[in-house]
Amino acid sequence: MAPLAPKTGDAVFASVDRVNAELFTLTYGAMVRQLLTDLEEVDEVNKQLDQMGYNIGVRLVDEFLAKSNVSRCVDFKETADVIAKVGFKMFLGVTASITSWDAEGTSFSLVLEDNPLVDFVELPDTCQGLHYCNILSGVLRGALEMVSMKTEVTWVRDMLHGDDAYELRVKLLKQVPEEYPYKDDE
Amino acid sequence: MIGVGKIKQYTNVLDKPLSRGRQEVSLSAFAFLFSELVQYNQTQVDNISELERRLEDAGYAVGARVLELLCHREKGNRRETRLLGILSFVHSTVWKVLFGKVADSLEKGTEHEDEYMISEKELLVNRFISVPKDMGAFNCGAFVAGIVKGVLDGAGFPAVVTAHFVPVDGQQRPRTTILIKFAEEVLRRESRLG
């Protein structure tokens with residue numbers, strides 16, 4: 001059988017089962033509220049959201065690779081494109097854009113204009129340090145780690161803090177070559 | 001002027017236009033999120049009823065908001081005052097918006113006057129959940145029960161809502177029933193209204 005051609009983000013999104021974005025938004029909100037009630041410290045909540053995102057990312061990347069048929073990315077630039085055009089579209093139904101590559105090509109910015117996680121959300125004064133969408137940074141970190149890239153993901157712009165878009169800075173720390181778990185001789 | 005910083009615009013969330021509610025995300029994104037919610041709550045509790053209660057609380061928050069949103073958007077701010085009215089609102093409108101289809105059935109309990117049941121062959125939230133044997137009768141549908149409770153409480157029909165698995169002949173997976181038990185005052189008011 002000939003290898004399947006990689007599908008575009010729209011095509012994959014059309015082929016997966018979908019649910020109402022509002023259910024997703026409200027469930028995420030309920031989860032953040034639970035975390036705030038339990039943990040009380042905004043920093044703790046940020047960390048917990050990142051950890052939860054990491055757990056999701058680790059499993060999400062399998063589904064992503066299975067459904068989208070993308071071929072192995074040649075370099076980090078291609079990885080970034082694939083995440084923005086196919087990945088975000090496939091799961092969240094929105095496309096992100098890639099900007100601000102640094103000189104070495106190891107760090108880029110992912111900009112989201114439209115974010116289904118934050119519909120109906122307003123941050124109160126007591127939670128101004130909260131990165132409400134921190135789960136996204138964890139998801140990216142977890143997913144990329146499973147494909148051998150150790151990255152660091154930070155928030156640059158956040159609409160809930162008054163900026164005009166959501167911007168994540170993704171920095172490649174190192175490429176970890178895949179380790180074969182068994183010794184050849186045994 | 002050199003180096004003028006961008007002034008931060010804090011748009012009030014109430015000023016933004018309300019979306020039409022047609023936007024979608026993938027089912028797997030929701031399933032991953034829900035599984036993390038359940039896993040997080042598992043670390044915070046010691047027993048199953050606590051876990052169900054926490055899921056129900058999370059769903060309650062969703063339900064309260066869904067009621068406000070749907071009343072405004074779908075029903076033009078008309079309030080349901082009758083029992084059957086609110087039940088059919090939950091069974092059709094709420095289910096259709098949240099899960100993409102109306103609930104499979106709405107039944108009145110035969111043993112008690114105040115019990116009603118909404119049944120679903122396979123709840124959307126339970127689709128990718130498998131419950132280990134040692135957790136007994138735990139049902140993640142407690143989240144959906146919480147949503148229903150939130151909607152009913154917000155609409156002025158206080159009730160106790162729980163989710164149960166009901167085995168069905170000829171079907172491998174049991175179907176889920178959301179059992180709604182209305183408070184005394186609701187029935188008294190209903191009989192007064194005629």
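The expected span of a helix is 1.5 Å times one less than its number of residues. The exercises below apply this and other rules to a predicted model.

**Exercise 1. Compare the end-to-end reach of α3(A) with its expected span, then describe where α3(A) bends and what follows it.**

Solution.
- Step 1. Take the length: α3(A) has 27 residues.
- Step 2. At 1.5 Å a residue, the expected span of α3(A) is 39 Å.
- Step 3. From the first C-alpha of α3(A) to the last, the reach is 36 Å, which is close to that expectation.
- Step 4. Look for a bend: α3(A) has a kink of about 30°, and R59(A) is at its centre.
- Step 5. Go past the end of the helix: N69(A) follows α3(A) and has a positive phi, near 55°.

**Exercise 2. Repeat the analysis for α3(B), and decide whether the helix is mostly covered or mostly uncovered.**

Solution.
- Step 1. Helix α3 of chain B covers residues 83-99, 17 residues in total, so at 1.5 Å a residue it should span 24 Å.
- Step 2. The end C-alpha atoms of α3(B) are 22 Å apart, which agrees with the expected value.
- Step 3. α3(B) is kinked by about 30°, with the kink centred on V90(B).
- Step 4. A residue is buried when its relative accessible area is under 20%. On that basis 12 of the 17 residues of α3(B) are buried, and the helix is mostly covered.
- Step 5. Name some of them: the buried residues of α3(B) include L83(B), G85(B), F89(B), V90(B), H91(B) and W95(B).
- Step 6. The residue after α3(B) is G100(B), with a positive phi near 85°.

**Exercise 3. Find the enclosed space in the model and state which residues and elements surround it.**

Solution.
- Step 1. Rolling a probe the size of a water molecule over the atoms shows where empty space is left.
- Step 2. Count the cavities of 30 Å³ or more: there is 1.
- Step 3. The volume of the largest cavity is about 40 Å³.
- Step 4. Its lining consists of V90(B), V94(B), W95(B), L98(B), F99(B), V144(B), I147(B) and V148(B). V90(B) is also the centre of the kink in α3(B).
- Step 5. Assign the lining to elements: α3 and α4 (142-154) of chain B each give at least two residues, and α3(B) has the largest share, with 5 residues.
- Step 6. Sort the lining by class: 8 residues are nonpolar, none is polar and none is charged.

**Exercise 4. Describe the two largest pockets by volume, lining and residue class.**

Solution.
- Step 1. The largest pocket has a volume of about 1,400 Å³.
- Step 2. A total of 47 residues line the largest pocket, and those nearest its centre are V118(A), D119(A), F120(A), V121(A) and V13(B).
- Step 3. At least two lining residues of the largest pocket come from each of α2 (21-39) of chain A and α2 (48-73) of chain B. The element giving the most is α2(A), with 9 residues.
- Step 4. The lining of the largest pocket has 23 nonpolar, 13 polar and 11 charged residues.
- Step 5. Turn to the second largest pocket, which holds about 820 Å³.
- Step 6. It is lined by 36 residues, with V61(A), F64(A), A143(A), L144(A) and V147(A) closest to its centre.
- Step 7. Two or more lining residues come from each of α2, α3 (42-68), α4 (76-92) and α5 (134-146) of chain A, and from α1 (27-44) of chain B. α4(A) gives the most, with 8 residues.
- Step 8. By class, the second largest pocket has 28 nonpolar, 5 polar and 3 charged lining residues.

**Exercise 5. Outline chain B, then classify E115(B) as buried or exposed.**

Solution.
- Step 1. Chain B contains 5 helices and 5 strands, in the order β-α-α-α-β-β-α-β-β-α from the N terminus.
- Step 2. The C-alpha atoms of chain B fit a box of roughly 80 × 45 × 30 Å along the principal axes.
- Step 3. Of the 194 residues in chain B, 45% are buried.
- Step 4. Locate E115(B): it belongs to strand β3 (residues 115-120) of chain B.
- Step 5. E115(B) has 15% relative accessibility and therefore counts as buried.
- Step 6. Leaving out residues up to four places away in sequence, E115(B) touches K108(B), G109(B), L179(B), I180(B) and K181(B).

Technical notes:
Residues numbered from 1 in each chain as written. Chains lettered and ligands numbered in written order. Predicted model: local features only at pLDDT ≥ 70, side-chain atom pairs only at ≥ 80, totals over all residues. Heavy atoms only, no water. 1 Å grid on protein atoms, 1.4 Å probe; cavity = no way out; pocket = protein on both sides within 12 Å on 5 of 7 lines; lining within 4 Å. Points joined across faces, edges and corners; volume = space filled by probe spheres on them. Helix = DSSP H or I, 4+ residues; strand = E, 2+ residues; numbered from the N terminus. Nonpolar A, V, L, I, M, F, W, Y, C, P; charged D, E, K, R; others polar. Bend = angle between axes of the 7 residues up to and from the residue. Buried < 20%, exposed > 50% of the residue type's maximum accessible area, 1.4 Å probe, protein only. Contact = heavy atoms within 4.5 Å.
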